[in-house]
Amino acid sequence: MDLAARARGFLILHEGADFCDDCLARALGVDAAQARETLTTLAKSPAILRDRWTCKFCRRSTLVSRAIANPTFALNRRSRTRLRRTA
Ligand SMILES: [Zn+2]
């Protein structure tokens, strides 16, 4: 599996949680530059958000990445909640 697929998998596994590049790099066993490059590419997909927020691991407020479970429902919180409840 390539790094992009592993990074995407990690974010989806921790759906809705935010991770900075450094922590993701550590979790994936790569260096921060590699992680940043991969996540920048992933963030072009509507399923991955990249924004300034608090990292779940190190609690720093920095550029983080987050997976959205279902981009179609992401704009509608009620649908998303309903979806989760039946999952
Ligand atoms: Zn972090």
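At what angle do helix H1 and helix H3 pack, and how far apart are their axes? Keep that question in mind while loading the model, which is a predicted one, and begin with the whole chain before selecting its parts.

**The whole chain**

Colour by secondary structure, and the protein resolves into 4 helices and 3 strands, which follow the pattern α-β-α-α-β-β-α when read along the sequence. If you then colour by burial, buried residues account for 21% of the 87 residues. Turning to contacts between residues at least 6 apart in sequence, 50% of them join residues at least 24 apart.

**Helices H1 and H3**

Select residues 3-13 for H1 and residues 32-42 for H3; these two helices pack at an angle of about 75 degrees, and their axes are 10 Å apart. Because angles of 65 to 115 degrees count as roughly perpendicular, H1 is described as roughly perpendicular to H3. To see where the two helices meet, show the side chains of Leu 3, Ala 4, Ala 7 and Arg 8 on the H1 side, together with Gln 34, Thr 38, Leu 39, Thr 41 and Leu 42 on the H3 side. The residues of this contact divide into 5 nonpolar, 3 polar and 1 charged.

**The loop after H3**

Next, follow the chain out of H3 towards strand S2, which spans 48-54, and stop at Pro 46 in the loop between them. Is Pro 46 buried or exposed? Pro 46 is exposed, since 10 other C-beta atoms lie within 10 Å, and the cut-off for an exposed residue is 12 or fewer. A distance drawn from the C-alpha atom of Pro 46 to that of Ile 68 reads 8.0 Å, although the two residues are 22 residues apart along the chain.

**The sheet**

Now select the three strands, which form an open sheet in the order S1-S3-S2 with antiparallel pairing. S1 and S2 are the edge strands, each pairing on one side only. In general, the strands of a sheet pair through backbone hydrogen bonds, so displaying the backbone is the way to look at them.

Take the pairing of S1 with S3 to begin with: the two strands run antiparallel and are joined by 2 bridges, and here Cys 20 stands opposite Val 64 in S3. Moving across to the other pairing, 7 bridges join S2 to S3, again in an antiparallel arrangement, and one place to look is Arg 52, whose bridge partner in S3 is Leu 63.

**The hairpin of S2 and S3**

The hairpin of S2 and S3 has 6 residues between its strands. Which residue there deserves a check of its backbone torsions for a positive phi? Select Arg 59, found in the loop between S2 and strand S3 (61-67), where phi is positive at about 65 degrees although the residue is not a glycine. Arg 59 is exposed, with 9 other C-beta atoms within 10 Å.

**The loop after H1**

Finish at Ala 17, in the loop that lies between H1 and strand S1 (19-20). Ala 17 is partly exposed, with 15 other C-beta atoms within 10 Å. Leaving aside residues up to four places away in sequence, Ala 17 touches Lys 56 and Arg 66, so both may be selected with it. Adding Phe 57 to the view gives a C-alpha to C-alpha distance of 9.5 Å from Ala 17, across a sequence separation of 40 residues.

Conventions:
Residues numbered from 1 in each chain as written. Predicted model: local features only at pLDDT ≥ 70, side-chain atom pairs only at ≥ 80, totals over all residues. Axes fitted to C-alpha atoms, helices over the stretch in contact; angles between N-to-C directions. Parallel < 35°, antiparallel > 145°, perpendicular 65-115°, else oblique. Contact = placed C-beta atoms within 7 Å. Nonpolar A, V, L, I, M, F, W, Y, C, P; charged D, E, K, R; others polar. Buried ≥ 20, exposed ≤ 12 C-beta atoms within 10 Å, placed from the backbone. Pairing = 2+ DSSP bridges.
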